[in-house]
Amino acid sequence: MTERYKLMLVDDEPWALTGMEEIIDWEAEGFSIVARCDCGNEALKSALITRPDAVITDIRMPDISGLELIRKLKGMLPEIQCVIVSAYSDFEVAREAIRLSAVHYLLT
């Protein structure tokens with residue numbers, strides 16, 4: 001059996017979480033979704049348990065931002081790969097994401 005990468009999805013909008021989960025055949029791409037979180041604080045708690053290899057997160061959430069989430073996740077799991085999804089084109093956010101070693105910044 002091939003080992004799969006563990007993926008966590010984070011977005012405060014339920015429809016966006018469902019969309020991220022359904023738009024790609026994650027299993028075919030070698031990923032298992034280990035957590036679906038509707039806020040950054042929930043994602044931090046879940047990461048301690050599931051130890052994901054990668055996270056796809058929204059940038060704007062009511063509790064902590066996607067950037068703060070990445071900052072904290074990198075402190076807990078330095079090898080984690082992070083992707084930011086946002087409907088907002090913001091150069092400063094993109095620059096900070098790059099500084100935090102996000103592997104991609106996707107505009108929706």
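1. Let's start with a term you'll need: two strands count as paired if DSSP finds at least two bridges between them. Keep in mind, too, that what you're looking at is a predicted model. With that settled, look at strand β1 (residues 5–10) and strand β2 (residues 31–37): six bridges join them, and the two strands run parallel. If you'd like one pair to click on, take Lys6, whose bridge partner in β2 is Ser32.

2. How does the chain get from β1 to β2? It passes through helix α1 (residues 14–23), and this β-α-β crossover is right-handed. β1 has another neighbour to look at as well: strand β3 (residues 54–58) pairs with β1 in the parallel sense, over four bridges. Here a handy pair is Leu9 and its bridge partner in β3, Ile56.

3. Now zoom out. The protein has four helices and five strands, and along the sequence they follow the pattern β-α-β-α-β-α-β-α-β. Take contacts between residues at least 6 apart in sequence: 60% of them join residues at least 24 apart.

4. A few totals for your notebook. The protein has 108 residues, and 44% of them count as buried. Its accessible surface comes to about 6,400 Å², with 56% of that belonging to carbon and sulfur atoms.

5. Back to α1, this time for its two sides. Ala16, Leu17 and Met20 are buried in this helix. They cover an arc of only 105 degrees around the axis, which puts them on the same side of α1. It may help to recall that an α-helix has 3.6 residues a turn, so residues three or four places apart point the same way. And what about Pro14, Trp15, Glu22 and Ile23: are they buried or exposed? They are exposed, on the other side of α1. As for the buried residues of α1, what covers them includes β1, β2, β3 and β4 (81–86).

6. Helix α3 (residues 66–76) makes a nice second example. Its buried residues are Gly66, Leu67, Leu69, Ile70, Leu73 and Lys74. Seen down the axis of α3, these fall within an arc of 155 degrees, so they line one face of the helix. Don't skip over Lys74 when you colour that face, as this lysine is on the buried list too.

7. Gly66 deserves a point of its own. This glycine lies in α3 and is buried, with a relative accessible area of 0%. Which residues does Gly66 touch, leaving aside those up to four places away in sequence? The answer is Thr57, Asp58, Ile59 and Met61. Of these, Thr57 and Asp58 fall within the residue range of β3 (54–58). You can also try a distance: the C-alpha atoms of Gly66 and Ser86 are separated by 9.5 Å, with the two residues 20 apart along the chain.

8. Last, the cysteines. A disulfide is a covalent bond between the sulfur atoms of two cysteines. How many disulfides does the structure hold? Zero. Cys37 is in none, and the nearest cysteine sulfur, that of Cys39, is 7.4 Å away. Since a disulfide here needs two cysteine sulfur atoms within 2.5 Å, that 7.4 Å does not qualify. Cys37 is buried, at 1% relative accessible area. Cys82 counts as buried as well, at 0% relative accessibility.

Notes: Residues numbered from 1 in each chain as written. Predicted model: local features only at pLDDT ≥ 70, side-chain atom pairs only at ≥ 80, totals over all residues. Heavy atoms only, no water. Buried < 20%, exposed > 50% of the residue type's maximum accessible area, 1.4 Å probe, protein only. Contact = heavy atoms within 4.5 Å. Areas by Shrake-Rupley, 256 points an atom, 1.4 Å probe, with all protein chains shown as cover. Right-handed = clockwise from strand over helix to strand, strands pointing away. Arc of directions from axis to C-beta.
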